[in-house]
Amino acid sequence: MHYFLREHEELGCEISYDPARYPKYLPEAYCLCRGCLTGLFGEEDFRFRSTPVYMPTVVLRRTAACAGGRSVYTEDYVTIPVGCTCVPEQEKDADSINSSIDKQGAKLLLGPNDEPARP
């Protein structure tokens, strides 16, 4: 089952169903846009990306055990998507965020016959 929230058009909602879980039905959000809706007229901005926001939730899972003629349940922790947020898109030409050395400068230090040191 799919439905959309009118006040947040960039967000959709799907209902997951599991007969062995309580609650059996859980709403799960998903992002409809790749970018983020910004500006006065809600234009999609691809400098940002829409990404899900997750929340840990406790559900009960029915076990195969029975006690006093009733099903036995155990706690289970699940993470469900509850919304979407905007995060800046990473630059595509960046080699690595954690890079602390100028790679082009390091190449210039090596001669044509030099090899990197081996451990």
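Me: Which residues does Thr57 touch, not counting residues up to four places away in sequence?

Reply: Thr57 touches Asp76, Tyr77, Val78 and Ile80, where a contact means that heavy atoms lie within 4.5 Å. This is a predicted model, in which local features need pLDDT of at least 70 and side-chain atom pairs count only at pLDDT 80 or more, while totals for chains, interfaces and linings use all residues. Residues are numbered from 1 along each chain as its sequence is written, and side-chain values use heavy atoms, with hydrogens and water left out.

Me: Why is Thr57 called buried?

Reply: Its relative accessible area is 17%, and the word buried is used under 20%, exposed over 50% and partly exposed in between, with a 1.4 Å probe and protein chains only. Thr57 is therefore buried, since 17% falls under that first cut-off.

Me: What makes the approach of Thr57 to the backbone oxygen of Met55 a polar contact?

Reply: A polar atom of the Thr57 side chain lies 3.4 Å from the backbone oxygen of Met55. The definition asks for a pair of N or O atoms within 3.5 Å, where, within protein, one must be able to donate a hydrogen and the other to accept it, and where residues adjacent in sequence count only if both atoms are side-chain atoms. The distance of 3.4 Å is therefore within the limit.

Me: In which strand does Thr57 lie, and how does that strand pair with S8?

Reply: Thr57 lies in strand S7, and S7 pairs with strand S8 (residues 70-88) in the antiparallel sense over 17 bridges. Strands here are DSSP runs of E with at least two residues, helices are runs of H or I with at least four, and both are numbered from the N terminus. Two strands pair if DSSP finds at least two bridges between them, so the 17 bridges of S7 and S8 satisfy the rule. One place to look is Val58, which stands opposite Tyr77 in S8; in the hairpin of S7 and S8, which has two residues between the strands, Gly68 takes a positive phi near 65°.

Me: How do you know that S3 also pairs with S7?

Reply: Strand S3 (residues 21-22) and strand S7 (residues 48-67) share two bridges in the antiparallel sense, and the requirement is therefore met. Arg21 has Arg61 as its bridge partner in S7. Over the whole chain there are one helix and eight strands, running from the N terminus as β-β-β-β-β-β-β-β-α.

Me: What makes the link of Cys31 and Cys84 a disulfide?

Reply: In general, a disulfide is a covalent bond between the sulfur atoms of two cysteines, and the program accepts a pair of cysteine sulfur atoms within 2.5 Å. The sulfur atoms of Cys31 and Cys84 are 2.1 Å apart, so the pair qualifies. Because Cys31 lies in strand S4 (residues 25-31) and Cys84 in strand S8, the pair ties together parts that are 53 residues apart in sequence. Cys31, at 21% relative accessibility, counts as partly exposed, and Cys84, at 24%, is partly exposed too.

Me: Why is the disulfide of Cys36 and Cys86 called left-handed?

Reply: Cys36 and Cys86 have their sulfur atoms 2.1 Å apart, and the torsion about their S-S bond is about -125°, so the disulfide is left-handed. Since Cys36 lies in strand S5 (residues 36-38) and Cys86 in strand S8, parts that are 50 residues apart in sequence are tied together. Cys36 counts as buried at 1% relative accessibility, whereas Cys86 is partly exposed at 40%. A search of the whole structure finds two disulfides, and their pattern is 1-3, 2-4, with bonded cysteines counted along the chain.

Me: How many aromatic pairs are found, and why is the pair of Tyr17 and Tyr25 called tilted?

Reply: A search of the whole structure finds one aromatic pair. The rings of Tyr17 and Tyr25 have their centres 4.9 Å apart and their planes at 40°, so the pair is tilted. By definition, rings of Phe, Tyr and Trp (its six-membered ring) pair if their centres lie within 6.5 Å, and planes under 30 degrees apart count as stacked, over 60 as edge-to-face and the rest as tilted. Tyr17 is partly exposed at 48% relative accessibility, and Tyr25 is exposed at 53%.
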